[in-house]
Amino acid sequence: MPTFQNSTFNFSLDRPFGIYFDNYFVKAYTLVTGKNPNDFAFVRGVTPLSTRNEVVIALITYFAVIFGGQLLVKNLPVIKLKFIFQVHNLLLTLSSLALLVLFSEQLIPILFRNGIFYSVCNHNA
């Protein structure tokens, strides 16, 4: 597979963006949590929100906070939080972009080498 190389970037099928962002994600995640994301294993009853009871409790708490908070502030004056919401939306947008880049980095080589059927249906994908 031909590659384009210069001093900073190495574009290839395995590195569609020129650098491998997964390495930076692993370093940042390990720095923040102290755990390597490559060692993650889903264990029922150990992993957060892995049991039905935990999920039901989380949903009930979520709805209680949303609707309870709505009832509490219904008669209070309006609070202007435009800047906070803009920052919140910016952070959500940037994290969505990061996830898109990380997913694309993994999926592009699989799609080009093996096709869409393999990438969706094969256990090794």
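A contact here means heavy atoms within 4.5 Å. Among contacts in the protein chain between residues at least 6 apart in sequence, 34% join residues at least 24 apart. Keep in mind that this is a predicted model.

**Stop 1: the whole chain**

Show the protein chain as a cartoon. Four helices and two strands make up its elements. In sequence order the pattern runs β-β-α-α-α-α. Both strands therefore come before the helices.

Now turn the model and look at its extent. Along the principal axes, the C-alpha atoms fill a box of roughly 65 × 40 × 35 Å. The radius of gyration is 21 Å, where a compact globule of 125 residues would have one near 14 Å.

Switch on the surface. About 11,000 Å² is exposed, and carbon and sulfur atoms supply 68% of that area. Of the 125 residues, 11% are buried.

**Stop 2: the loop between helix 1 and helix 2**

Select Ser-50. You are in the loop that runs from helix 1 (21-33) to helix 2 (52-73). Is Ser-50 buried or exposed? Its relative accessibility is 7%, so Ser-50 counts as buried. The cut-off for buried is under 20%.

Show the side chain of Ser-50 and the backbone around it. What does this side chain reach at 2.8 Å? The partner is the backbone nitrogen of Gly-45. Then find Thr-47. Its backbone oxygen lies 2.6 Å from a polar atom of the Ser-50 side chain.

Widen the selection around Ser-50. Setting aside neighbours within four places in sequence, Ser-50 is in contact with Phe-42, Val-43, Arg-44 and Gly-45.

Step to Leu-49. This residue too is found in the loop between helix 1 and helix 2. Check its backbone angles. Leu-49 is not a glycine, yet it has a positive phi of about 60 degrees. With a relative accessible area of 53%, Leu-49 is exposed. Ser-50, by contrast, is buried at 7%.

**Stop 3: the salt bridge**

How many salt bridges does the structure hold? There is one. Select Arg-113 and Asp-14 to see it. The closest N and O atoms of the pair are 2.8 Å apart. Arg-113 sits in helix 3, while Asp-14 is in the loop between strand 2 (10-11) and helix 1. The pair links distant parts of the chain, with the two positions 99 residues apart in numbering.

Why can such a pair form? Side chains of opposite charge can pair when their charged atoms come close.

Colour the two residues by accessibility. Arg-113 has a relative accessible area of 48%, so it counts as partly exposed. Asp-14 is partly exposed as well, at 39%.

**Stop 4: the nonpolar patch**

Return to the surface view. Select Leu-99, Phe-103, Leu-107, Leu-111, Phe-112, Ile-116, Phe-117 and Val-120. Together they make a nonpolar surface patch of about 920 Å². Which elements give two or more residues to the patch? They are helix 3 (82-114) and helix 4 (116-121). Helix 3 gives the most, with five residues.

Finish on one member of the patch. Leu-99 has its place in helix 3. Its relative accessible area is 47%, which means that Leu-99 is partly exposed. A residue must be over 30% to join a patch, so Leu-99 passes that cut-off.

Key:
Residues numbered from 1 in each chain as written. Predicted model: local features only at pLDDT ≥ 70, side-chain atom pairs only at ≥ 80, totals over all residues. Heavy atoms only, no water. Buried < 20%, exposed > 50% of the residue type's maximum accessible area, 1.4 Å probe, protein only. Polar contact = N/O pair within 3.5 Å; in protein donor to acceptor, adjacent residues only side chain to side chain. Patch = residues over 30% accessible without salt bridge, like charges linked within 9 Å, V, L, I, M, F, W, Y side chains within 5 Å. Areas by Shrake-Rupley, 256 points an atom, 1.4 Å probe, with all protein chains shown as cover. Salt bridge = Lys/Arg side-chain N within 4 Å of Asp/Glu carboxyl O. Rg over C-alpha atoms; globule rule 2.2 N^0.38 Å.
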